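Subject: Structure for you to look at

Hello,

Please find the structure below, followed by my notes on what was found in it. Keep the 3D view open while you read.

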Amino acid sequence: MAIATQPDLAAIKQRQQATWASGDYHMIGTQIQIVSELLIEALDVRSTEHVLDVATGSGNAALAAARRGCAVVGVDYVPALLDRARRRTQAEGLDISYIDGDAEALPFGDGGFDVVSSVFGAMFAPDQERTANELARVTRPGGRIGLVTHTPEGFIGQLFKTNAKHVPPPAGVRSPIQWGTEERLAELFDGQAADIRVEKRHYVFRDRSPQHYIEYWRRYYGPTQKAFEFVGEDGREALEADLLELIARFNRAADGTMVVPSEYLEAVVVKH
């Protein structure tokens, strides 16, 4: 009987880091800033609270918490994005500490934060159980963990599914989209959560045309950029056609532009 080979999570993480460092995720983050604002409101933060934003990117959620008077730390493993976050923070006259770090091994002591957030970030770490444990570990008893994740049925969830037809995902690694289900969240925080509150929301992607949207994401969004690199010139047309078909399924604009609602899951986990 064949023995299943365990995935090399360290190698997968290294490739992921290279993917997120490619393009310029900040240019995607600017489109979805409202999602972070809504999460911080859902967490009902107080200005006396200490907040950690995990996989902060260029700082959307960290900035949202700092605007509400919280003491904030942002952590990410892409130095270029942290540099962008620091420039944004300075421009707003805010005070946030940004640290180079990994969601699977957060460089903080136990229970050091009142609130821990992650917006479309921690969900991509290859070891999901370890990541959830780290989020819970650094949260104080009674504190809150706020997560924003793509749902399997939503536009971005289906975008990843479309990409996977052309670029096989790493073998033996759970899909990050599983974080976007109540069932998986209950599994990940089993024994650590006193309560899990979820709400499905929609962010609407708007662009001048579906074609322009693909070009924009191919330029700035690491996973889309890497997908086109992987398929090469021979596979470019087929990938692009599938992406245009996907957009057409969700697009509610009839004037040649793109207006695509994308479902996501907003979760607030209250720690025991």
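**The sheet**

Leu52 stands opposite Val73 in strand 2. Before going on, please note that this is a predicted model.

Leu52 belongs to strand 1 (residues 50-54), which pairs with strand 2 in the parallel sense over 5 bridges. Strand 2 (residues 71-76) is also joined to strand 3 (residues 96-100), again by 5 bridges, and these two strands run parallel. One residue to find there is Val72, whose bridge partner in strand 3 is Ile96. To get from strand 2 to strand 3, the chain passes through helix 5 (residues 79-91), and this β-α-β crossover is right-handed.

These strands are part of an open sheet of 7 strands, with the order 3-2-1-4-5-7-6 and mixed pairing. Why is one side of strand 3 and of strand 6 left without a neighbour in the sheet? Strand 3 and strand 6 (193-207) stand at the edges and each has a single partner strand, so one side of each has no neighbour in the sheet. On average, neighbouring strands of this sheet are turned by 20° against each other, if direction is ignored.

**Helices across the sheet**

Two helices can be placed against these strands. Helix 7 lies across strand 5 (139-150), strand 6 and strand 7 (258-271), and runs at about 105° to strand 7. Helix 9 (residues 210-220) lies across strand 6 and strand 7, with an angle of about 120° to strand 6.

**The largest pocket**

The volume of the largest pocket is about 950 Å³. Its lining has 32 residues, and those nearest the centre of the pocket are Val167, Pro168, Pro169, Pro170 and Pro223. Which helices each supply at least two residues of this lining? They are helix 1 (9-21), helix 7 (155-166) and helix 10 (222-250). By class, the lining of the largest pocket consists of 20 nonpolar, 7 polar and 5 charged residues.

**The cavities**

How many cavities of 30 Å³ or more are there? The count comes to 3.

The largest cavity has a volume of about 390 Å³. It is lined by 31 residues, and Ala55, Gly57, Asp76, Phe120 and Gly121 lie nearest its centre. Helix 1, strand 1, helix 4 (60-67) and strand 2 are the elements that give two or more residues to this lining. The largest share, 3 residues, comes from helix 1. The lining of the largest cavity divides into 17 nonpolar, 10 polar and 4 charged residues.

The second largest cavity holds about 130 Å³ of space. It is lined by 16 residues, and the closest to its centre are Ile32, Phe120, His150, Ile156 and Phe205. Phe120 is thus named for both cavities: it is among the residues nearest the centre of the largest cavity and among the closest to the centre of the second largest. Strand 6 and strand 7 each supply at least two residues of the lining of the second largest cavity, and the largest share, 3 residues, comes from strand 7. This lining has 13 nonpolar, 2 polar and 1 charged residues.

Regards

Terms used
Residues are numbered from 1 along each chain as its sequence is written. This is a predicted model: local features need pLDDT of at least 70, side-chain atom pairs count only at pLDDT 80 or more; totals for chains, interfaces and linings use all residues. Side-chain values use heavy atoms; hydrogens and water are left out. On a 1 Å grid over the protein atoms alone, a cavity is a set of points where a 1.4 Å probe fits but cannot get out, and a pocket is an open set with protein on both sides within 12 Å along at least five of seven lines; lining residues have an atom within 4 Å of a point. Grid points are joined across faces, edges and corners, and a volume is the space filled by probe spheres set on the points. Helices (H or I, at least four residues) and strands (E, at least two) are DSSP runs, numbered from the N terminus. Ala, Val, Leu, Ile, Met, Phe, Trp, Tyr, Cys and Pro count as nonpolar, Asp, Glu, Lys and Arg as charged, and the others, Gly among them, as polar. Two strands pair if DSSP finds at least two bridges between them. A crossover is right-handed if, with the strands pointing away from the viewer, the path from the first strand over the helix to the second runs clockwise. Axes are lines fitted to C-alpha atoms, for helices over the stretch in contact, and angles run from 0 to 180 degrees between N-to-C directions. Contact means heavy atoms within 4.5 Å.
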